[in-house]
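Trainee: I'd like to go through the terms people use for a model like this one, and see what backs each of them up. Can we start with the contacts between domains?

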Amino acid sequence: MFLKNLWYFAHRGDRLKRGAMVAKTLLGEPVLLARDSDGVPFAIRDICPHRGIPLSVGGFDGREVECCYHGWRFNREGQCTAIPSLVEGQKFNVDRVRVQNYPCREVQGNIWVYFGNETEDMIEPPEIPDIGERIPNTAFTLEFPCHVDHAVVGLMDPAHGPFVHKAWWWRSRRSIHEKSKAFAPSERGFTMVRHPPSSNSAAYKLLGGSMTTEISFQLPGIRIEHIRAGRHVLCGLTAVTPVSETETELNHQIYWTQPWLTPLKPFLKPLARKFLKQDRDIVTMQQEGLKHDPNLMLINDSDVQAKWYYRLKDAWTKSTTSGQPFANPVEARELRWRS
Ligand code: FES
Ligand SMILES: [Fe+2]
């Protein structure tokens, strides 16, 4: 089962034009995402309540979705507005027909969908600080053929860098050294507190200036790397969304305020993509071993973030099922490892 009462990254905003719709499977559920003619995105269940055909194979005029089987029409709230087969005088209340509607929000160029109970004190979708309403300078999507937990743990794992991400512009096996980073609990997760970045990363050196970086993780699987370089910021937002028990979609967005970085986009995007493809390839290979359901280990301190992730999940599930407030199980501490 996937975590509920949370916002999940559903789609890139720039990939959903006005008047367009797209069918997606998110958390095992068929979801139709569309953007109406006013530019507002919405999400409804992609199953016609009449005879079960996906609504996404029908039409959308920028206002209403029309089922391709018998032409029933639905608005952005999921309310049925027309049943063409009804004859004058036939008593059938169209208002009673609905398709589930999901809360949907567009923030900083990304479309988020909420899964769970809608309550008055519902949380807000994640937002990157200090970049205002900026949209990503560059973004890409990767499919991970694994359960969301392996994608999340693989991405937060600090010890695989020198083995999986060997590259002249990043780091090599020879550059392994001891690291010590301070962590603190933060909203629905934890944060590696702001610090000057690792000295063995050539990519960081490119940015110049006095730099500091802060990396935060929050449920369900959202990582925000926030780099300050002088008066500028460069941020990476990585969000993983379960498609099914065995498939996960990863979306990576990069934002920057340095105008001089924009001409470097044709180089930056392939680098970031290559980096995350290495993460995808390693978890793909891991699936071979996991088929045999082996016992796995989480060791100190390099796997402590993974331990926190599992504890956070448990605490979140406990709070959503009991209705009690969520108690963050992470305690502030320093983690040491070699990488
Ligand atoms: S199946 Fe959709 S209108 Fe009949
Ligand atoms: Fe990695």
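Mentor: Sure. A salt bridge here is a side-chain nitrogen of Lys or Arg within 4 Å of a carboxyl oxygen of Asp or Glu. Keep in mind that this is a predicted model. With that cut-off, the count between domain 1 and domain 2 is one salt bridge.

Trainee: What makes K24 and E249 a salt bridge?

Mentor: Set the value against the cut-off. The closest N and O atoms of K24 and E249 are 3.0 Å apart, and the limit is 4 Å, so the pair qualifies.

Trainee: Which stretches of the chain are domain 1 and domain 2?

Mentor: The domain assignment gives 6-115 for domain 1 and 138-338 for domain 2. Their centres, taken over C-alpha atoms, are separated by 33 Å.

Trainee: How do you know that the two domains touch, with 33 Å between the centres?

Mentor: Contact means heavy atoms within 4.5 Å, and that is a test on atoms, not on centres. By that test, 14 residues of domain 1 are in contact with 17 residues of domain 2.

Trainee: How much area is buried between them?

Mentor: About 1300 Å², with carbon and sulfur atoms giving 62% of it. On the domain 1 side, L6, F9 and R12 lose the most area to domain 2, and together they make up 45% of what that side buries.

Trainee: Now the empty space. Why is a space called a cavity or a pocket?

Mentor: It comes down to escape: in a cavity a 1.4 Å probe fits but cannot get out, whereas a pocket is an open set. The structure holds two cavities of 30 Å³ or more. About 80 Å³ lies in the largest cavity, and the second largest has a volume of about 40 Å³.

Trainee: Which residues line the largest cavity?

Mentor: Among them are M1, F2, L3, H147, V148, P220, V240 and Y309. The elements giving two or more residues to that lining are α1 (148-156), β17 (232-244) and α5 (304-322). By class, the lining has nine nonpolar, one polar and two charged residues.

Trainee: And what lines the second largest cavity?

Mentor: The lining includes V107, Q108, W112, E127 and L237. Its classes are six nonpolar, two polar and one charged.

Trainee: What is the phi of Q108?

Mentor: Near 50 degrees, a positive value in a residue other than glycine. Q108 is found in the loop between β10 (104-107) and β11 (110-115).

Trainee: What about the second largest pocket, what is its volume?

Mentor: About 390 Å³. It is lined by 17 residues, and H150, V153, G154, D157 and Q286 lie nearest its centre. Two elements, α1 and α4 (265-290), give two or more residues to this lining. The largest share, five residues, comes from α1.

Trainee: What makes a lining residue such as G154 count as polar?

Mentor: That's the class convention: Gly is put among the polar residues, so G154 goes there. The whole lining divides into ten nonpolar, four polar and three charged.

Trainee: Last one. Where are the cis peptide bonds, and what omega values go with them?

Mentor: One joins L219 and P220, with omega about 5 degrees. P220 sits in the loop between β15 (211-218) and β16 (222-229), and P220 also lines the largest cavity. Another cis bond joins N300 and D301, with omega about -15 degrees. The place of D301 is in the loop between α4 and α5.

Note on methods: Residues are numbered from 1 along each chain as its sequence is written. Chains are lettered from A and ligands numbered from 1 in the order in which they are written. This is a predicted model: local features need pLDDT of at least 70, side-chain atom pairs count only at pLDDT 80 or more; totals for chains, interfaces and linings use all residues. Side-chain values use heavy atoms; hydrogens and water are left out. On a 1 Å grid over the protein atoms alone, a cavity is a set of points where a 1.4 Å probe fits but cannot get out, and a pocket is an open set with protein on both sides within 12 Å along at least five of seven lines; lining residues have an atom within 4 Å of a point. Grid points are joined across faces, edges and corners, and a volume is the space filled by probe spheres set on the points. Helices (H or I, at least four residues) and strands (E, at least two) are DSSP runs, numbered from the N terminus. Domain bounds come from an automatic or database domain assignment. Buried area is the accessible area (1.4 Å probe) that two parts lose on being put together, summed over both.
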